[in-house]
Amino acid sequence: MNDCMMNIELQAGRGLQQQIREKLVELIQHDYFGTRALPSSRKMAQLLKVSRNTVVLVYESMVDDGYLIARERSGFFVNPELDQEPTLKLVQTRPHLDQNQPNWPHRLRSAPASFSTLNKDKDWINYAYPFIYGQIEPSHFPIYQWRECSRIAQNRNSVHHWIEDYVDVDDPELVTQIRQQILSKRGITASNDEVLITMGTQNSLYLLASLLAGQGVKVGVENPGYADLRHIFTQCGSKPEPLELDEQGLILGQQLSDCDYVCVTPSHQYPTTVTMPIERRKQLLEQAATDDFVLIEDDYESEVNFHEQPLPALKSIDQHGRVIYIGSLSKSLSPGLRIGYLVANKQLIAELRALRRLIYRHPPANNQRTAALFIAQGYYDSHVRRMRHVYEQKWLLMQQGLQRHLHQCVINATPGSFCFWIELPKHVCSSELVTQAAKQGILVESGDTLFAEQQAPKNYIRLGFSAIAEEKINAGLALLGNLVSQLSQHSPSEALHA
Ligand SMILES: Cc1ncc(COP(=O)(O)O)c(C=O)c1O
């Protein structure tokens, strides 16, 4: 009896007690033990090859939590009162569905799952050479400092700061820290009611589009540009207008004149990485005032600009109140935390806040409080300083490796950016390269989905380096260079049909 416990495969790297407890809870929910005693702690310890003490601690904690009861000289049993708990029973079977189900494709007003977007392989971490953009090496996350802040935030006396439903309010500590420690370094001064905490830039964009876009509202987007930005505005009813770029970023003038909103990435144009010079920034602001449009400035990676003092954000030199500024901690700390911020006119912020309340009220308060402490304790600044150095090294290695191994390509390299935008020889098809590269453990991103047109160029790739270990960069680029050479030798038609 109870041999099923033998099936617990205890995994390295996870607490033994945690794993044993999880399995016992599962078995209890499936009524495995019935009224029988659980194996004695000695027997269980032998079965699982763990110390008896470990098992005793698990059993005792489960007695405390009402799952088990201890009967003197008989052992541990499932608490019979659990039988009366309707919430404990698991539903094991699903009803058979008949033909009369809703026709979902018919009901959908749009099909976001069909929007073309960068193929972000969820398994990126298992590639030998992950040149993926937007992820970070796990070893670079400041886990001890984050854990420390999380511990302080979860201190008994602080618990009320984050278990409350704030309805539509943000953690005032986080707003203060973002204003003082992050926005100020971008030259931006804002009061509390001009800042909204969001779940990342993506979320800021969606909130803005939900409130501002719609049929007849003209929204200009850079081309190539952030694909999800186009999708978000399309989803919210506007047809995004692709805008042309040159070696200084967004081109001003006529193409912007009849826009209502212009979305722009001046720090590092996404994805070409070029930085918009200060003169053009000033002209852009002037044109916004003259032609009555609003700029949505996506400052997605400026915070870790490791090359030099970044140019001031558009928002910081905006005298006409024409800029909505959005940023996040995704590139500087981690994309998984989902912490972003939006700075705008206070009336607009009030409406966005009310809209946010309708959707999810506020970003998780525990995350906000931990982030606030993390910044206030100076951990954020020291992390950003350390990462600047790491990324600068990696950027140099990338640049040297690209010159050595991908000399047949046009390399767009902006010091201080997190990726390289690469034009392959004309007839090398990026999606074919991506497929072939993956077979050799190299993860690269095909640039075609970043262009607005159907007939987008098919010979661009993007190489990020925040996720790949420094010592892998050169070898990965060497393999990639070989592949590009091989594909270049195919005739153009072979390449297209490969
Ligand atoms: C240009 C651009 N905007 C927005 C985002 C979304 O960022 P976040 O993680 O802050 O939502 C990204 C993510 O890579 C991005 O590259």
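What is the volume of the second largest cavity? In this predicted model, the second largest cavity has a volume of about 40 Å³, and the legends below begin with that site before turning to other close-up views.

**View 1. The second largest cavity and its lining.** The structure holds two cavities of 30 Å³ or more, and the second largest of them, with a volume of about 40 Å³, is the subject of this view. Its lining is made by Tyr-133, Gly-134, Gln-135 and Ile-136, together with Ser-330, Lys-331, Phe-418 and Ser-466. Sorted by class, the lining residues of the second largest cavity are three nonpolar, four polar and one charged.

**View 2. The largest pocket and the elements that contribute to its lining.** The largest pocket encloses about 780 Å³ of space. Its lining comprises 32 residues, of which Lys-120, Gln-202, Tyr-226, Asp-228 and Lys-331 are the closest to the pocket centre. Two or more lining residues come from each of helix H8, helix H9 (227–235), strand E9 (261–264) and strand E10 (294–298). Divided by class, the lining of the largest pocket has 14 nonpolar, ten polar and eight charged residues. Lys-331 appears in the lining of the largest pocket and also in that of the second largest cavity.

**View 3. The seven-stranded open sheet with helix H8 packed on it.** Seven strands with mixed pairing form an open sheet, in the order E4-E12-E11-E10-E9-E5-E6. Strand E4 (195–198) and strand E6 (240–243) are the edge strands, each of them pairing on one side only. On average, and with direction ignored, neighbouring strands of this sheet are turned by 20 degrees against each other. Within the sheet, E9 and E10 run parallel and are joined by four bridges, and Val-264 stands opposite Glu-297 in E10. Helix H8 packs on this sheet, where it touches E4, E9, E10, strand E11 (323–328) and strand E12 (340–343), and the direction of H8 makes about 150 degrees with that of E11.

**View 4. The crossing of helices H8 and H12.** The axes of helix H8 (residues 201–212) and helix H12 (residues 346–359) come within 10 Å and cross at roughly 105 degrees; the two helices are therefore roughly perpendicular to each other. On the H8 side, the contact is made by Leu-207, Leu-208, Ser-210, Leu-211 and Leu-212, and on the H12 side by Leu-348, Glu-351, Leu-352, Leu-355, Arg-356 and Ile-359. Taken by class, the residues in the contact of H8 with H12 are eight nonpolar, one polar and two charged.

**View 5. The four-stranded open sheet and helix H14.** Four strands in the order E13-E14-E17-E16, with antiparallel pairing, form an open sheet. Strand E13 (410–412) and strand E16 (445–446) stand at the edges with a single partner strand each, so that one side of each is left without a neighbour in the sheet. E16 runs antiparallel to strand E17 (residues 460–464) and is joined to E17 by two bridges, and the bridge partner of Glu-445 in E17 is Arg-462. Helix H14 (residues 379–405) lies across E13, strand E14 (419–423) and E17, and runs at about 15 degrees to E14.

**View 6. The hairpin of strands E1 and E2.** Strand E1 (residues 68–71) and strand E2 (residues 75–78) pair in the antiparallel sense over four bridges, with Leu-68 standing opposite Val-78 in E2. Three residues lie between the strands of this hairpin, in which Arg-73 takes a positive phi near 60 degrees.

**View 7. Backbone details in three loops.** Asn-223 and Pro-224 are joined by a cis peptide bond, with omega about 0 degrees, and Pro-224 lies in the loop between strand E5 (219–222) and H9. A cis peptide bond also joins Tyr-270 and Pro-271, where omega is about 5 degrees; Pro-271 lies in the loop between E9 and helix H11 (278–291). Lys-49, a residue other than glycine, has a positive phi near 55 degrees, and lies in the loop between helix H2 (41–48) and helix H3 (52–64).

Conventions: Residues are numbered from 1 along each chain as its sequence is written. This is a predicted model: local features need pLDDT of at least 70, side-chain atom pairs count only at pLDDT 80 or more; totals for chains, interfaces and linings use all residues. Side-chain values use heavy atoms; hydrogens and water are left out. Axes are lines fitted to C-alpha atoms, for helices over the stretch in contact, and angles run from 0 to 180 degrees between N-to-C directions. Angles under 35 degrees count as roughly parallel, over 145 as roughly antiparallel, 65 to 115 as roughly perpendicular and the rest as oblique. Contact means heavy atoms within 4.5 Å. Ala, Val, Leu, Ile, Met, Phe, Trp, Tyr, Cys and Pro count as nonpolar, Asp, Glu, Lys and Arg as charged, and the others, Gly among them, as polar. Two strands pair if DSSP finds at least two bridges between them. On a 1 Å grid over the protein atoms alone, a cavity is a set of points where a 1.4 Å probe fits but cannot get out, and a pocket is an open set with protein on both sides within 12 Å along at least five of seven lines; lining residues have an atom within 4 Å of a point. Grid points are joined across faces, edges and corners, and a volume is the space filled by probe spheres set on the points.
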